[in-house]
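Biologist: Thanks for sitting down with me. Could you show me the model, and then let me quiz you on the words you use for it?

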Amino acid sequence: MEVQILCTKLIKPSIPTPPHLRTLKLSPIDQLKYPIKAAILLYYSTDGSNGSTEEVERRRMDRLETSLSETLTRFYPLAGRYIKDGNWVDCNDEGVEFFVAKVKGCRLSEFLSRRDDMIDQLSHLAGGEFTSPVVSIQISLFDCGGLVMGFRLCHYLFDAFSSISFITSWASTARRRRGGGVRMDEGVIWPTFGMASILPLPPNDSDLLSKMKPMPCLMGIDNYVTRRLVFDNAEISELKARAHDPSFPRQPSRVEVVTALIWRARMRVSRAKHGRLRTSVAAHSMNLRPRIVPPLPPWSFGNLQSRVMARFTAAESGGTTEVPAPVPELKVLVGLLMDSITKSKETIVAREDVFPTLLRTRNEANEAAEKGEADLFMFTSWCRFPFYQMDFGWGKPVWLSRIPWAYQSTFLLDAEDGDGIEAWVCFNKQDMPLFLQDEDILPFTSKPNLRSKI
């Protein structure tokens with residue numbers, strides 16, 4: 001696959017940002033995030049529009065640029081620049097980076113039929129990883145009329161909820177530009193910025209940031225490899241049946257059983273490396289917004305995610321040096337996950353306690369991993385997030401993907417049918433072969449993964 005950049009420009013807000021909104025201070029939570037531009041890729045097939053491919057592409061690009069400019073008047077910090085020394089965004093309207101590219105020698109349907117072979121090339125569809133704009137967007141056009149929208153979003157400003165609000169609002173504005181009976185207010189979002197003032201550091205502990213424990217050494221793109229596993233609805237039902245326990249207060253979710261399966265396989269890999277079963281922590285990201293009191297303003301923008309941690313203690317499993325303890329049954333890990341997630345959802349957090357709470361849970365996991373006392377397995381779920389509803393005027397996406405990243409973690413995404421799950425796993429190159437050959441994982445690697453519906 002060859003991707004050629006045709007043009008690059010900066011898209012500015014259609015209305016200049018007022019002087020009193022020119023400075024956006026990052027919240028303490030924002031300042032904890034990695035200095036990376038996370039990637040999201042949305043794939044669209046041809047919509048059967050009349051006219052030549054060139055005419056259709058020109059109309060699409062004109063509509064995207066105009067609607068993006070209008071959207072940026074509401075999401076004005078996204079057109080600014082991050083100032084590292086002061087942990088703030090200069091909302092100077094310099095603009096969002098906008099690339100238009102052409103994919104040569106490949107139709108979208110062909111690409112999707114070989115998507116697992118193309119994972120290492122997906123970064124070519126999301127330019128702007130190391131550039132200064134807060135947001136970079138690449139539109140990659142296929143000769144068949146299909147396209148890919150690649151988003152690079154600065155993690156200092158965005159979590160998944162914030163990404164959804166921006167893309168949803170832009171898509172709605174683009175559909176309105178095309179016409180077709182879209183209400184003027186449909187999908188229009190007015191985000192709330194300024195979480196630094198809404199969720200400040202406690203006045204009696206303003207040095208909390210200095211108490212942050214660093215993440216263990218999980219970074220280094222050259223040392224890691226990303227693979228995709230696909231769990232269809234029938235397979236998830238089988239996992240739920242296998243994990244069933246009458247003592248559970250509810251049925252486990254599909255995210256919980258898939259997480260537990262991957263956690264279990266990772267425990268086996270660790271046991272093979274260390275010669276013994278080790279204590280491990282499965283840490284899932286969770287949206288804090290519904291748990292904060294008093295409630296936050298609608299569409300509060302920024303990073304407002306905490307970690308939900310389920311801990312398995314190896315000392316309780318027995319075993320000897322000669323005969324290491326077996327990994328726990330799937331239902332044991334599912335139970336630990338269900339318990340931690342349920343308790344977290346039921347816990348209400350006062351605004352003044354948000355940052356201390358987040359910092360404490362982060363440090364607990366990082367400190368144990370840093371000392372070598374436990375394995376830390378990171379998970380993030382975007383399941384049920386409405387990425388597959390992002391219609392810019394030519395239909396909804398036929399696929400959603402990430403790209404390879406530079407730290408050990410697992411991302412869970414909805415499969416195309418909305419019922420299955422895609423697990424994007426990133427581990428170091430030495431561990432990945434062991435993981436893919438694990439008895440729990442092998443059934444999902446020895447079959448064709450997703451079949452293209454295009």
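Biologist: Which helix does Ser162 lie in?

Modeller: Ser162 is part of helix H3, which covers residues 160-178. Please keep in mind that this model is predicted.

Biologist: Why is Ser162 called buried?

Modeller: Buried means under 20% relative accessible area. Ser162 has 0% relative accessibility, so Ser162 counts as buried.

Biologist: What does Ser162 touch, not counting residues up to four places away in sequence?

Modeller: Ser162 touches Leu157, Arg289, Ser300, Phe301 and Gly302.

Biologist: Now the sheet, please. What is the order of the three strands in the open sheet?

Modeller: The order is E2-E5-E4, with antiparallel pairing.

Biologist: What makes E2 and E4 edge strands?

Modeller: Strand E2 (23-25) and strand E4 (81-83) each have a single partner strand, so one side of each is left without a neighbour in the sheet. From one strand to the next, the twist averages 30°.

Biologist: How do you know that E4 and E5 pair?

Modeller: Two strands pair if there are at least two bridges between them. E4 and strand E5 (residues 88-90) have three bridges, in the antiparallel sense, so they meet that definition. One bridge partner in E5 is Trp88, which is matched with Ile83.

Biologist: And Ala282, in strand E10 (residues 280-287): why is Ala282 called buried?

Modeller: The cut-off is again under 20%. Ala282 has 1% relative accessibility, so Ala282 counts as buried too. Beyond its neighbours within four places in sequence, Ala282 is in contact with several residues, among them Trp263, Leu337 and Phe379.

Terms used
Residues numbered from 1 in each chain as written. Predicted model: local features only at pLDDT ≥ 70, side-chain atom pairs only at ≥ 80, totals over all residues. Heavy atoms only, no water. Helix = DSSP H or I, 4+ residues; strand = E, 2+ residues; numbered from the N terminus. Buried < 20%, exposed > 50% of the residue type's maximum accessible area, 1.4 Å probe, protein only. Contact = heavy atoms within 4.5 Å. Axes fitted to C-alpha atoms, helices over the stretch in contact; angles between N-to-C directions.
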